[in-house]
Amino acid sequence: MKASSGALLAVIAVAALATTALGMNYTVDDSSGWDTYVNYDEWTAGKTFMVGDNIEFKYEPYHNVLEVTKEDYASCATGNPISTHSGGDTTFELTETGTRYFVCGIPRHCTNGTMHVKITTVAYDAATAAAIEAPSSAPLPSPPADVYGDARAAPAGAPTSPKSSASRYQHTSAAVAGLAFAALVAIAA
Ligand SMILES: [Cu+2]
């Protein structure tokens, strides 16, 4: 029983790692969403946004999201946005490194209402991603390659070897799910 529980915990840790490789989905900001009088610099402080992550804005429909240039961001100018989004739920994929600038286009919401946030994206780094996903775990988890090696020992029914590195993380997640199920069965028995 004790050994099985340990195995399940290990499987859960591995599953968290596998998920990390798929990219994080950040909601701006976690508690208040995209709204007036939120300090978004405070929200971004200490966060590491990496290529592959998503930034999701959740807001009341009377707000909107404009992606603007650095210059327009600095002055809350909303007349010439790079793109305009509305509807209450807007997600941006962080596909490359660099800084992107977002404001609300409703009059005075950016200037007086503090609805402006800039997101600086850095290159993907597996170790950093793992640390972000599991900040409380003391040792760094094994890299995905080792996870995959373990997953291959999964019971019958686990997916077979992936053909491309692009699909590896997806595959690992599925295999780990199989392992987790096996561990649960072992505990139940
Ligand atoms: Cu607004």
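**Exercise 1. Layout of the chain**

Task: Read along the sequence, which pattern of helices and strands does the protein follow?

Solution: Start at the N terminus of this predicted model. The pattern along the sequence is α-β-α-β-β-β-α-β-β-β-β-α-α-α. The totals are 6 helices and 8 strands.

Next, take the burial of the chain. The protein has 189 residues, and 32% of them count as buried. Its exposed area is about 10,500 Å², with 56% supplied by carbon and sulfur atoms.

Finish with contacts. Take those with a separation of 6 or more; residues 24 or more positions apart account for 71% of them.

**Exercise 2. The open sheet**

Task: Work out in which order the strands of the open sheet lie, and which strands stand at its edges.

Solution: Step one is the order. The open sheet has 5 strands, arranged β2-β8-β7-β4-β5. Its pairing is mixed.

Step two is the edges. β2 and β5 (83-85) each have a single partner strand, so one side of each has no neighbour in the sheet.

Step three is the pairing around β8. Strands β2 (residues 49-50) and β8 run parallel and are joined by 2 bridges. In this pairing Phe 49 is opposite Thr 121, and Met 50 is opposite Val 122. Strand β7 (residues 98-103) pairs with β8 in the antiparallel sense, over 6 bridges. Here Val 103 faces His 116 of β8. In general, strands of a sheet pair through backbone hydrogen bonds, in either sense.

**Exercise 3. Two faces of β8**

Task: Sort the side chains of strand β8 (residues 116-122): which point to the buried face?

Solution: Go along the strand; the side chains alternate. Val 117, Ile 119 and Thr 121 share one face and are buried. His 116, Lys 118, Thr 120 and Val 122 point to the other face and are not buried.

Now combine this with the pairing. Thr 121, on the buried face, is the residue opposite Phe 49. Phe 49 is itself buried, with a relative accessible area of 3%.

**Exercise 4. Rings around Phe 49**

Task: Classify the aromatic pairs that Phe 49 forms with Tyr 26 and with Trp 43.

Solution: The structure contains 9 aromatic pairs. Take Tyr 26 and Phe 49 out of these. Their centres are 4.8 Å apart and their planes stand at 75 degrees. An angle over 60 degrees counts as edge-to-face, and this pair is edge-to-face.

Then place the two residues. Tyr 26 is in strand β1 (residues 25-28) and Phe 49 in strand β2, so the pair ties together parts 23 residues apart in sequence. Tyr 26 and Phe 49 are both buried.

Turn to Trp 43 and Phe 49. The ring centres are 5.8 Å apart with the planes at 40 degrees, so this pair is tilted. Trp 43 is buried, at 4% relative accessible area.

Elsewhere, ring pairs link Trp 34, Tyr 40, Phe 57, Phe 92 and Phe 102 into a cluster.

**Exercise 5. The copper site**

Task: Which atoms coordinate the copper ion, and what spacing do the donors follow along the chain?

Solution: First list the donors. They are ND1 of His 63, SG of Cys 104 and ND1 of His 109, at 2.0 to 2.1 Å. Their spacing along the chain is H-x40-C-x4-H.

Now locate the first two. His 63 lies in the loop between β3 (54-58) and β4 (65-68), while Cys 104 lies in the loop between β7 and β8. They are 41 residues apart, and the pair links distant parts of the chain.

Last, check burial. His 63 and Cys 104 are both buried. Cys 104 has a relative accessible area of 0%.

**Exercise 6. The disulfide**

Task: Find which cysteines form a disulfide, and decide whether their link is left-handed or right-handed.

Solution: A search of the whole structure gives 1 disulfide. The partners are Cys 76 and Cys 110, with sulfur atoms 1.9 Å apart. The angle about the S-S bond is -70 degrees, and the link is left-handed.

Next, ask what the bond connects. Cys 76 sits in the loop between α3 (70-75) and β5, and Cys 110 in the loop between β7 and β8, so the pair ties together parts 34 residues apart in sequence. Cys 76 and Cys 110 are both buried.

Note on methods: Residues numbered from 1 in each chain as written. Predicted model: local features only at pLDDT ≥ 70, side-chain atom pairs only at ≥ 80, totals over all residues. Heavy atoms only, no water. Buried < 20%, exposed > 50% of the residue type's maximum accessible area, 1.4 Å probe, protein only. Helix = DSSP H or I, 4+ residues; strand = E, 2+ residues; numbered from the N terminus. Pairing = 2+ DSSP bridges. Phe/Tyr/Trp six-rings, centres within 6.5 Å; stacked < 30°, edge-to-face > 60°. Donors = N, O, S within 2.8 Å, 3.2 Å for Na, K, Ca; no water. Disulfide = S-S within 2.5 Å. Contact = heavy atoms within 4.5 Å. Areas by Shrake-Rupley, 256 points an atom, 1.4 Å probe, with all protein chains shown as cover.
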